[in-house]
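Trainee: I'd like a close look at one part of this model rather than a tour of everything. Could you take me through how its sheet is put together, strand by strand?

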Amino acid sequence: MTWKKFSGEIIHSSIIEEVENAIIRESDNGYRLKVCIGTDSQVKGPLTDFATVIVLLREHHGGFMYIHQEKTAQKMSIKERMLVEVQKSIETAYAICDLLDLYHVDLEVHADINTNPMFKSNKALNEAMGYILSMGFIFKAKPEAFASSTCADKMVH
């Protein structure tokens, strides 16, 4: 799985090693961190482009992120696509959660799903929320889910 920095620079070490180095560096600089993970997707003709982000927030001092993108030609309903987004976020959260526990860094999983029933994505809200919470992660949906609805969104639009 290839991860990049926002600048486009490819990360050659494992994402776990990269995040650990970032936690150590930022903690040594006196920052308290929180990690937010989210995925967004965009259908572009026959392809669906997925972007998963790991956002490291420095308390009161902005943040930075790592991005993984992949495309698929698989056709999906809106609900299915929302749940694939959540699955990608959970896989990423699961891969780094032990590391975050080790360094006492809080983790949130953000879903690009609207809590307002007027929006199509709302169809997937209950399943997504149940999936994330049952894995033991803190769940945020729109409008609080900035990792997916703002950060990952920028990578697919």
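Mentor: Let's start at a turn. In the hairpin of β3 and β4, four residues lie between the strands, and histidine 60 takes a positive phi near 65°. The model is a predicted one: local features need pLDDT of at least 70 and side-chain atom pairs count only at pLDDT 80 or more, while totals for chains, interfaces and linings use all residues. Residues are numbered from 1 along each chain as its sequence is written, and side-chain values use heavy atoms, leaving out hydrogens and water.

The two arms of that hairpin run antiparallel, joined by ten bridges. If you want a spot to click on, try valine 53, whose bridge partner in β4 is isoleucine 67. Strands here are DSSP runs of E with at least two residues, and helices are runs of H or I with at least four, numbered from the N terminus. Two strands pair if DSSP finds at least two bridges between them.

Now step back to the whole sheet. It is open and has six strands in the order β1-β4-β3-β2-β5-β6, with mixed pairing. As a reminder, strands of a sheet pair through backbone hydrogen bonds, either parallel or antiparallel. Which strands stand at the edges? They are β1 (4-5) and β6, and each has a single partner strand, so one side of each is left without a neighbour in the sheet.

Let's walk in from the β1 edge. β1 pairs with β4 in the antiparallel sense over two bridges. One contact to look for is lysine 5, with tyrosine 66 as its bridge partner in β4. Keep tyrosine 66 in mind, as we will meet that residue again.

Beyond β4 and β3 comes β2. Strand β3 (residues 47-58) pairs with β2 in the antiparallel sense over twelve bridges. These two strands also form a hairpin, this time with two residues between them, and glycine 45 in the turn has a positive phi of about 65°. Valine 43 has threonine 48 in β3 as its bridge partner.

On the way to the other edge, the sense of pairing is parallel. β2 pairs with β5 (residues 106-114) in the parallel sense over six bridges, and valine 35 stands opposite leucine 107 in β5. Four bridges then join β5 to β6, and these strands run parallel too. Here you can pick out two pairs: glutamate 108 stands opposite isoleucine 138, and valine 109 stands opposite phenylalanine 139.

How covered is β5? Mostly: eight of its nine residues are buried, where buried means under 20% relative accessible area, exposed means over 50%, and partly exposed lies in between (1.4 Å probe, protein chains only).

Next, see how the sheet contributes to the largest nonpolar core (a set of buried Ala, Val, Leu, Ile, Met, Phe, Trp, Tyr and Cys residues joined through side-chain atoms within 4.5 Å). This core holds 33 residues, and Val35, Ile54, Leu56 and Tyr66 touch the most other members. From the strands, β2, β3, β4 (63-72), β5 and β6 (138-142) each supply at least two residues of this core, and so do the helices α1 (15-28), α2 and α3 (125-134). The greatest share comes from α2, which gives eight residues. Two of the names are familiar: valine 35 is the residue opposite leucine 107, and tyrosine 66 is the partner of lysine 5.

A quick word on cysteines, since you may be wondering about them. The structure holds zero disulfides, a disulfide being a pair of cysteine sulfur atoms within 2.5 Å. The sulfur of cysteine 97 has its closest cysteine sulfur in cysteine 36, 15 Å away, which is too far for a bond. Cysteine 36 is buried at a relative accessible area of 0%, and cysteine 97 also counts as buried, at 13%.

For contrast, look outside the sheet at serine 14, found in the loop between β1 and α1. Serine 14 counts as partly exposed, at 39% relative accessibility. From serine 14 to phenylalanine 139 you cover 125 residues in sequence and 25 Å in space, C-alpha to C-alpha.
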